[in-house]
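Me: I've just opened this one and I'm new to it. Could you walk me through it, one question at a time?

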Amino acid sequence: MQLRDRESLFKIMSLITQTAQATATFLEEACLIELDEIFGKVLNKLNIFFSRVENSFKDFIVFERYVVCAYTSQIGYSLRNIPQDVKEKVWNLKDNLQICAFTEKECKCRKSMNFLKGRFSEKVDVLSSAGETIKESSVKLKSGMKELGKEIELLTLSAQKIMNIAEIIEIIALNAYIEAARLGEQGRGFKVIADEVRRASMKTNELASEIVNSIKTLQKRFSDQIDKQTDFDKKVSDLEKEQREFSKELNRDLLWMAQNFVDFLSYVRSSVEEDMALLSEVRTTILSVLQNIDLANQRTINTQKALIVLIKMIEEFESALTGRKDISESLSYVESLYEEFKSIPKLIEERQTVARIEGKTLTREEDTVGKRLEDLDTDVELF
Amino acid sequence: MKKVLAVDDSATMRNLVKIALEAEGFSVDTAQNGQEALELTKKNTYDIVISDINMPVMDGLQFLKEFRSFNRTTPFLMLTTETEAKKKEEAKRLGATGWIVKPFKPEDLIKVVRRVVR
C-alpha cells in the first residue's frame, strides 16, 4: 500500500472516529435520564397538590361538623387550632351524624340546633303574645283598681254619713224618751214614736256596720289584688330576665359561629392561595417536561440521522480496505458524508459537541444576529 | 382579544404555546406546517405569528417568505431549536421579527409576545 493511500485511510478512520464520538454524545444527550428526574418532581408536586386539596375538603367537612357541634362541645377555639387527632376523628365520622366526634356518644348537635331554633321561635311567640296580654291586662287592671278605689272611698263616706245620721236619730230618740217620761200619760204616744225611732236608729246602725264590713272585705280584696299584681310583675320580670339570658346565650353562640366562619374563610383563602401557587408551579413544570420530551424526540431523530451517516462511512471504509473502491475516491466520499453529518445538529449543545470533537469552541455570542434579551432566561433575539 | 397563530409540527409544542398564551387572554389558532398556516393567514387576520422552522410540507422559512409577500407588518417570531447564525440571518432577511430558542419558559414567551404585539 502506498504511503498516500495509507494516509487517506487514516484520514477516513479519523473522520469515522470523530463522527462516532459525536454521535455517541448525541445519543447520551437524547437519553431520558433527566426526564425521569423531572417526571419524579412533577409527580411529587402533583402528589403534594392533591394531598392539599384533599385536606382542604377534609377541613371543610370538619368545619361543618365543628360549627354544628359548638352547642354541645363548648370547645370554643377556631378551626386552625383544632388538634390534628380531633380533626381526624371528626373526619372519620363525617358520614355518621349519629355519633358526636367530640364525645363519641350520640350526636346531639343537630338535635341541639333544631331544639335551639324551636326554642327561639317558641320564645318569640310566647314573648310577643305575653307582651300583648300583659299590656292589655295591665291597662284593664289599672283602670279597674282606680275605679275600685273610688268606689271604696264613696262607700266609706256614705257609711260614715249613715252612722252620723244614726247617732243623731239616737239622740233624738233619747230626747223623745225623756220628754215622754216628763209628760207622763200624755207623752205615751210620744214614747211609741221614740221606740220606733230608736228601732230605726238601731237598724241604721246595723246597716252601717254591714257597710263597714263590706268595705273591709273590699279593702281585703283590693289588697289581695295588689299582691296578685306584684306576683304578676315578678313573673313578667322573670320572663324578661330569662329572655335576656336567652338572647345573651344566642348572641354568644351566633358570635362564636360568625367568628369561626370568618376564621374559616380566611383559612380557606390562604389555603386556596397556596394551592394556586403550587398548581401554577406544577403547570410550569409540566410545560417544561413537555418541551423536554419534544427536545428528546428531536435529539433522537438527529442521533438516528448521524448513525445512518456513520454506517455509510464504515461501509465506505470497508470498500476501500477490501480494494473494491479507490481509496482516494472513498476519502472524498467520506469527507462529503462528514459535511452532511455536520449539518445534522440543530441544538446548540449538539453543535458545541461537533465543535469540541474538532478541537474548536462555539459560543452563543457567535450565533447572535439580533438584539439578545438579557432579562429573560430563554434565549431570545429581536431583529 | 389579540389573535395568535402558532405553527409547529409537534402537537406538544403547538399545545404548549396555546396553553401558555390562552392563559394570558390571547386567542390562539394552530397549524401543523407552513402550508396549513399560509391558508389560515389568507383567511384570517392575526396580531402575531409564531412558527417553528423544521416542518414537513412547508418549512418555517418558506412560510415566512410566502407570508411576507402579502403581509409586511404582522410580527413573525421564529420558535425553534435551531441556533445557527446563518439561519437567523436568513430569517431576518426574510422579515422575521425575532428568534426564540426552544426550550422556552412560558412566561418569557408571554413577555416577548406582549413586547412585539402593539
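Reply: Sure, here is a run of questions and answers about this predicted model.

Me: Let's start with chain B. What pattern do its elements follow along the sequence?
Reply: Chain B has five helices and five strands. Reading along the sequence, the pattern of chain B is β-α-β-α-β-α-β-α-β-α.

Me: And chain A, what order do its elements run in?
Reply: Chain A has nine helices and two strands. Going from the N terminus, the elements of chain A run α-α-α-α-α-α-α-α-α-β-β.

Me: How much of each chain is buried?
Reply: To count as buried, a residue needs 20 or more other C-beta atoms within 10 Å of its own. In chain A, with its 383 residues, the buried share is 14%. For the 118 residues of chain B, the buried share is 47%.

Me: What about contacts between residues far apart in sequence: what share do they have in chain B?
Reply: Take chain A to begin with: of its contacts between residues at least 6 apart, 75% join residues at least 24 apart. For chain B, look at contacts with a separation of 6 or more; the share from residues 24 or more positions apart is 59%.

Me: Now the sheet. Which strands sit at its edges?
Reply: Seven strands form an open sheet with mixed pairing, in the order β1(A)-β2(A)-β5(B)-β4(B)-β3(B)-β1(B)-β2(B). An edge strand pairs on one side only, and that holds for β1 (371–372) of chain A and β2 (27–31) of chain B.

Me: So where do the two chains join in that sheet? Which residue is the bridge partner of A:E381?
Reply: Strand β2 of chain A, residues 380–382, pairs with β5(B) in the antiparallel sense, over three bridges. Within β5(B), A:E381 has as its bridge partner B:W99.

Me: How many residues does each chain bring to the contact, and which element of chain B gives the most?
Reply: Chain B brings 28 residues and chain A brings 26. On the side of chain B that touches chain A, α1 (11–22), α4 (85–94), β5 (98–101) and α5 (106–116) each supply at least two residues. By class, that side has 13 nonpolar, six polar and nine charged residues. With five residues, the element that gives the most to it is α1(B).

Me: Back to β1(B). Which residue in β2(B) stands opposite B:L5?
Reply: β1(B) runs parallel to β3(B), with four bridges between them, and B:V7 has B:S51 as its bridge partner in β3(B). β1(B) is also parallel to β2(B), this time with five bridges. In β2(B), the residue opposite B:L5 is B:D29.

Me: Is β1(B) mostly covered or mostly open, and how many of its residues are buried?
Reply: β1(B) is mostly covered. α1(B) lies across β1, β2 and β3 of chain B, at about 175 degrees to β2(B), and β1(B), α1(B) and β2(B) make a right-handed β-α-β unit. Of the five residues in β1(B), the number buried is four.

Me: Which residues touch the most other members of the largest nonpolar core?
Reply: In soluble globular proteins, nonpolar side chains tend to be buried together. The largest nonpolar core here has 36 residues, and α1(B) gives the most to this core, with five residues. The two that touch the most other members are B:I50 and B:I100.

Me: Which chain A residues does B:I100 touch?
Reply: Leave out residues up to four places away in sequence. In chain B, B:I100 then touches B:L77, B:M78, B:L79, B:L109 and B:V112. From chain A, B:I100 touches A:T378 and A:V380.

Me: Any backbone oddities? Which peptide bond is cis?
Reply: Look at B:P103, found in the loop between β5 and α5 of chain B. Omega is near -5 degrees for the cis peptide bond from B:K102 to B:P103.

Me: And B:V57: is that residue buried or exposed?
Reply: B:V57 sits in the loop between β3 and α3 of chain B, and B:V57 has a positive phi of about 70 degrees although it is not a glycine. A residue counts as exposed with 12 or fewer other C-beta atoms within 10 Å. Because B:V57 has 12 of them in that range, B:V57 is exposed.

Methods:
Residues numbered from 1 in each chain as written. Chains lettered and ligands numbered in written order. Predicted model: local features only at pLDDT ≥ 70, side-chain atom pairs only at ≥ 80, totals over all residues. Contact = placed C-beta atoms within 7 Å. Nonpolar A, V, L, I, M, F, W, Y, C, P; charged D, E, K, R; others polar. Pairing = 2+ DSSP bridges. Core = buried A, V, L, I, M, F, W, Y, C linked by C-beta atoms within 7 Å. Axes fitted to C-alpha atoms, helices over the stretch in contact; angles between N-to-C directions. Right-handed = clockwise from strand over helix to strand, strands pointing away.
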